[in-house]
Amino acid sequence: MTHLPGLLDTEAIRKDFPLLDRTVHDGKKLVYLDNAATSQKPRQVLDALNDYYEKSNANVHRGVHTLAEEATALYEGARDRVAAFVNAPSRDEVVFTKNASESLNLVANMLGWADEPYRVDRDTEIVITEMEHHSNIVPWQLLAQRTGAKLKWFGLTDEGRLDLSRIDEVITERTKVVSFVLVSNILGTVNPVETIVRRAQEVGALVVIDASQAAPHMPLDVQALGADFVAFTGHKMCAPTGIGVLWGRQELLEDLPPFLGGGEMIETVTMSSSTYAPAPHKFEAGTPPIAQAVGLGAAVDYLSAIGMDRIEAHEHALVQYAVDRLCQVPDLRIIGPVTAEDRGAAISFTLGDIHPHDVGQVLDEQGIAVRVGHHCARPVCLRYGIPATTRASFYLYSTPADVDALVDGLEHVRNFFG
Amino acid sequence: MKLDSMYQDVILDHYKHPHGRGLRDGDAEVHHVNPTCGDEITLRVRLAGTTIEDVSYEGQGCSISQASASVLNELLVGKEIDEARRVQEVFLELMQSKGKLEPDDAMEEVLEDAVAFAGVSKYPARVKCALLSWMAWKDATAQALSQGGTTSTQEGTA
């Protein structure tokens, strides 16, 4: 068993995740390396979901009966936990959505409908990057098409980093919004937030950060980031699917128009017009994902008890080990930074000219779950001239033995197609 | 081992030594993609009357999608369109069988090397890989025929 400095006590942690015990394909031990797609769930989160449904299930913010009050307290309690988790100045800055995609779409739509000074229109520019997940590309393309605004982006260096060499030409006085990913889901790159935020603030542009691959893996402090909006999703950080978060600065959430209309988001309604509830409720139309929010609250408690700084250190040690070992596999090319510096826990690679589908299939037969394809970041594949990649991604319960299994598995893949 | 049922030697042979790969003249060209994995194929069909004179293709994808295009070329070139359509339908039926269809002699006679894909039908995520070139061929053939049809109609009404 390989011991690396900084590793967590994975033996204890893995006992919290029932699914990690299962086997696949006639008794093969599962090696789950698809954490960038979704994480597994600890018993503490599953128990919170069950408890909620077994003891307190009701709709929120309306009944005066006991269950309604309990459900509301649990739902709003989850908001408090998330606010503390990201160091938000106010709990009212935490909007619950269904996922990070909805969070990003919410911002993009609001900026198209907003009054000045936020309004994105034909005389303005939107800036994104070439390493975005499709969820941080398509909403901005839609906004650009609808408003006539110009969509610009930062390209990538051969090393898998943002090319910021012409930052002053990309982000200009016309730029209204800059939206970028904190940690790339395909390259693993951790982006230099400060440099981008400083330039955006110089020209008065709003900053949106997609933290989907950051929130599960490192301490996240929205005040330190200096952004105006931060989006992430619950299911990649031990919570259930169906719950996402948009953090936004309070004055912006107050000034900007609502996204979806319906129950819960109003103050008064007449047949001719309505007034809206204050944020965050203004952005939470309809019955929210209550149980899922409760699950997210439990996930935040679980991760915080272990410590996000310790989780970050664990993954850093593991990524260092994985990069070193993978670089020794013949014909393997890492797509993204080949060091562990400023690098998250997702490692994409190609293996000679063996197609990632074939790599993934042969690994699966050995019980190893990886993701194959373009990872909803097709422009990255185009940039590096590859059809797709195989991606292994780690989490707090991943071990050096998982890395060893992957490396052995890849050897088997090479023999199979050799 | 189950993998061998998917990666039959016939499939790996076609993957490593594809038949008819490369783009040549055609009456219609289509470009199909598999959005979930990014596999792509550009495929051209050339007809001579009701006979398929050539199916040429270029693309990128996994061994299953590449081998499938190679088998298609080997199987359909030289056939009458109606006969080729029947082969395509039988192949589609096999691929949608979720591994429950055991190819019999009659099916083997129609599909030849393509029966090797029976094992792929057990893997839902890979069925689309096997079908990519076949759907492209169907589309290209329909376009080639409708272009031919349009031309002849125009000639007829002129």
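## Chain B and its contact with chain A

Colleague: What pattern does chain B follow along the sequence?
Modeller: Reading along the sequence, you get α-α-β-β-β-α-α-α-α for chain B. Keep in mind that this is a predicted model.

Colleague: How many helices and strands is that?
Modeller: Chain B has 6 helices and 3 strands.

Colleague: How compact is chain B?
Modeller: Its radius of gyration is 16 Å, and the globule rule gives 15 Å for 158 residues. Those values are close, so chain B is as compact as a globular protein of that length.

Colleague: And what does the C-alpha trace span?
Modeller: About 65 × 35 × 25 Å along the principal axes of chain B.

Colleague: What share of the residues is buried?
Modeller: In chain B, 50% of the 158 residues count as buried. Buried here means under 20% relative accessible area.

Colleague: What about the accessible surface?
Modeller: For chain B that is about 7,500 Å². Carbon and sulfur atoms hold 49% of it.

Colleague: Switching to charges. How many are there in chain B?
Modeller: There are 15 positive and 26 negative charges. Their mean positions lie 7 Å apart.

Colleague: Now the partner. How many residues does each chain bring to the contact?
Modeller: Chain A brings 18 residues and chain B brings 22.

Colleague: How much area is buried between them?
Modeller: About 1,600 Å² between chain A and chain B, with 54% from carbon and sulfur atoms.

Colleague: Which residues of chain A lose the most area to chain B?
Modeller: A:His357, A:Gln361 and A:Phe416. Together they make up 34% of what the chain A side buries.

How values were computed
Residues numbered from 1 in each chain as written. Chains lettered and ligands numbered in written order. Predicted model: local features only at pLDDT ≥ 70, side-chain atom pairs only at ≥ 80, totals over all residues. Heavy atoms only, no water. Helix = DSSP H or I, 4+ residues; strand = E, 2+ residues; numbered from the N terminus. Rg over C-alpha atoms; globule rule 2.2 N^0.38 Å. Buried < 20%, exposed > 50% of the residue type's maximum accessible area, 1.4 Å probe, protein only. Areas by Shrake-Rupley, 256 points an atom, 1.4 Å probe, with all protein chains shown as cover. Lys, Arg positive; Asp, Glu negative; His and termini not counted. Charge placed at Lys NZ, Arg CZ, Asp CG, Glu CD. Contact = heavy atoms within 4.5 Å. Buried area = accessible area lost by both parts, 1.4 Å probe.
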